[in-house]
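Take a moment to look over the chain before reading on. We will go through it piece by piece.

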Amino acid sequence: MERRTLALLLPHLPVERLRRPGPVTVWAQRGARRVVVSVSAEAASAGLRIGQALADAQAILPGVVLVPEDPAADAAALERLALWCLRFTPLVGIEGTDGLLLDITGVAHLFGGEKALRAEVLGRLARLGLTARGAVAGMPGVALALVRAGRGGVVAPGLEEAAVKPLSLAALRLEPALVSALQGLGLRDVGSVAAQPRAGLVRRFGAGLARALDEALGQAGRPISPIRTPPEMQVAQDFADPVVTRAGIEAALGLLLDALCRALREAGRGARRMLLRAHRVDGAVQEVAIGTGLATRDPKHLARLFHGKLERLEPDCGYDRITLEAPVADPLTGVQDGLGTAARAGRQAELAQLLDRLAQRLPVWRLAPRASHWPERAMARVNPFEPVEVPDPWVPRPRPVRLLRRPPALEVMAEVPDGPPFRLRLGRAWQRVVRAEGPERIEPEWWRDRPDRLPRDYYRVELESGVRLWVCRAGPMGPDARWVLHGHLP
């Protein structure tokens, strides 16, 4: 199937995204000058234009609203529009600061053809208050050249060069100095530049001009960097009347989950991550994502995971389209019965679903042994579904179930400097040690190059109150030794 691309240009996005009534002008600092970079329709009708000095614009229209340029906000608005365009195709890319590229290969028939799709996109953008030009062609560079030159329409396959050659040099988006140089040679359109010897053009104006020519004429490809990776599975639901209520959203989600899980089952796959994308009537796009530890296609379980996160949605004026996709899906085949395999698989699935529900509310992890004798490094947090590799050899030692992150200091009395404690002060009261085991000497890990760490002696002690502690003496023996409580023993 031949590739087809829809290019969109939004020349007035910096001023139209503000949604302010009346004449509005966006200005920017260009060296020592303040110039106009975008004007609203009202300001343009009064004589203001892009590139004009800001002082001249104020003199022509004293009541104009002046807004400083905000490139970050413009980029964010363009990204939101790219997400909004995902309703038409799963492959949408951003082009520069004011353009979008939509790969419409194989989707145009869903909207009645390429002309109808182009009209649908431009009509919806107009209802959002945005001025846009759109062109459809086989190569992205051809479609971009058309909209940059102020043209539009649909170019049939094989007619790309004939459509582009009459265009002005604005179609190539070159530097102003390069455009002036070409015009000074009498080259005022794309066709006249393309007719010149290519070697001479490259030698005099650089390889950038040749590349721009090849892309505009459809002789070289221009990749589309997708704003979102196309999902493996996706379903969508459009609404004639916008959905506003929580009940309506949950009902739509239930239908989408059934459809997507049925598609996953037919493909022999299970979802590891799901993304719900709600398209609001005003053009805003809101997303809610969930993840699972194991691949699944159980709609009831997935609905429970989505349930608590739907509160984040803000319908406001309502949603006219809701999509559900599985960006990450793994192979999921049936389990053979016999010898307890099905029972074990069922228990594993139940545990996975429990962990998935917990993970929506709090961090979930498991401990895995690590090859280190240093207590706080002997264990590491890992994903609860990851297989745990036990270091060889690894001999577990009696340790507290939970180590204190900030061990409190202790006051300790010992009969001899290198002996176990027989009294210690925990809080305000001194307590007698009934039993003590140790010491367990642990040296610092020399390969980690931490000179501030000192050797430690650990003791397991039991107080007269029955409390069992794991205490540590750090540094040299004697009255200057530092004692801390590192954890409670079971």
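Helices and strands are DSSP runs, numbered from the N terminus. By this numbering, Leu 485 lies in strand E20, which covers residues 482-488. Keep in mind that the model is predicted.

Start with Leu 485. Is Leu 485 buried or exposed? Its relative accessible area is 2%. Buried means under 20%, so Leu 485 is buried. Which residues does Leu 485 touch, leaving out those up to four places away in sequence? The list is Leu 404, Pro 407, Pro 408, Leu 410, Leu 426, Leu 469, Trp 470 and Val 471. Ala 32 is a distant point of reference: from C-alpha to C-alpha, Leu 485 and Ala 32 are 65 Å apart in space. Along the sequence, 453 residues separate Leu 485 and Ala 32.

Now step back to the sheet that holds E20. Six strands make a closed barrel, in the order E15-E16-E17-E18-E19-E20. Their pairing is antiparallel. Strands of a sheet pair through backbone hydrogen bonds, either parallel or antiparallel. Neighbouring strands in the barrel are turned by 45 degrees against each other on average, direction ignored. Look at one pair inside the barrel. Strand E16 (residues 421-426) and strand E17 (residues 429-442) run antiparallel and are joined by 4 bridges. Arg 425 has Trp 430 in E17 as its bridge partner.

Both of these residues turn up again beside Glu 411. Glu 411 sits in strand E15, residues 409-414. Apart from neighbours within four places in sequence, Glu 411 is in contact with Arg 423, Leu 424, Arg 425 and Trp 430. Glu 411 has 41% relative accessibility, so it counts as partly exposed. Glu 314 lies 97 residues from Glu 411 along the chain, and their C-alpha atoms are separated by 57 Å.

Next, an open sheet. Its 3 strands follow the order E3-E2-E4, with mixed pairing. Strands E3 (33-39) and E4 (65-68) are the edges, and each pairs on one side only. From one strand to the next, the twist averages 40 degrees. Strand E2 (residues 24-30) pairs with E3 over 6 bridges, in the antiparallel sense. There, Trp 27 stands opposite Val 36 in E3.

E3 also holds Ser 38. Why does Ser 38 count as buried? Its relative accessible area is 0%, and the limit for buried is under 20%. Not counting residues up to four places away in sequence, Ser 38 touches His 12, Pro 14, Val 15, Val 24, Thr 25, Val 26 and Ile 50.

A further strand pair shows a pattern. In a regular strand the side chains alternate between the two faces of the sheet. Strand E14 (residues 379-382) does this: Ala 380 and Val 382 point to one face and are buried. Met 379 and Arg 381 point to the other face and are not buried. E14 pairs with strand E13 (residues 366-369) in the antiparallel sense, over 4 bridges. Leu 367 stands opposite Arg 381 of E14.

Turn now to the nonpolar cores. In soluble globular proteins, nonpolar side chains tend to be buried together. The largest nonpolar core here has 32 residues. Val 164, Leu 172, Leu 174, Leu 182, Val 190, Val 193 and Leu 209 touch the most other members. Strands E1 and E7 each supply at least two residues of this core, and so do helices H6, H8, H9, H10 and H11. The largest share, 6 residues, comes from H6. Another core lies apart from this one, with 28 residues, including Val 243, Ala 252, Cys 261 and Met 274.

Cys 261 leads to the last stop, a pair of helices. Two packed helices are described by the angle between their axes and the distance between the axes. Helix H12 spans residues 246-267, and helix H13 spans residues 299-307. Their axes come within 10 Å and cross at roughly 145 degrees. The crossing is right-handed. On the H12 side, the contact involves Arg 246, Glu 250, Leu 253, Leu 257, Asp 258 and Cys 261. They meet Pro 299, Leu 302, Ala 303, Phe 306 and His 307 in H13. The residues of this contact divide into 7 nonpolar, 1 polar and 3 charged.

Methods
Residues are numbered from 1 along each chain as its sequence is written. This is a predicted model: local features need pLDDT of at least 70, side-chain atom pairs count only at pLDDT 80 or more; totals for chains, interfaces and linings use all residues. Side-chain values use heavy atoms; hydrogens and water are left out. A nonpolar core is a set of buried Ala, Val, Leu, Ile, Met, Phe, Trp, Tyr and Cys residues joined through side-chain atoms within 4.5 Å. Buried means under 20% relative accessible area, exposed over 50%, partly exposed in between (1.4 Å probe, protein chains only). Two strands pair if DSSP finds at least two bridges between them. Axes are lines fitted to C-alpha atoms, for helices over the stretch in contact, and angles run from 0 to 180 degrees between N-to-C directions. A crossing is left-handed if the near helix is turned anticlockwise from the far one by less than a right angle, and right-handed if clockwise. Contact means heavy atoms within 4.5 Å. Ala, Val, Leu, Ile, Met, Phe, Trp, Tyr, Cys and Pro count as nonpolar, Asp, Glu, Lys and Arg as charged, and the others, Gly among them, as polar.
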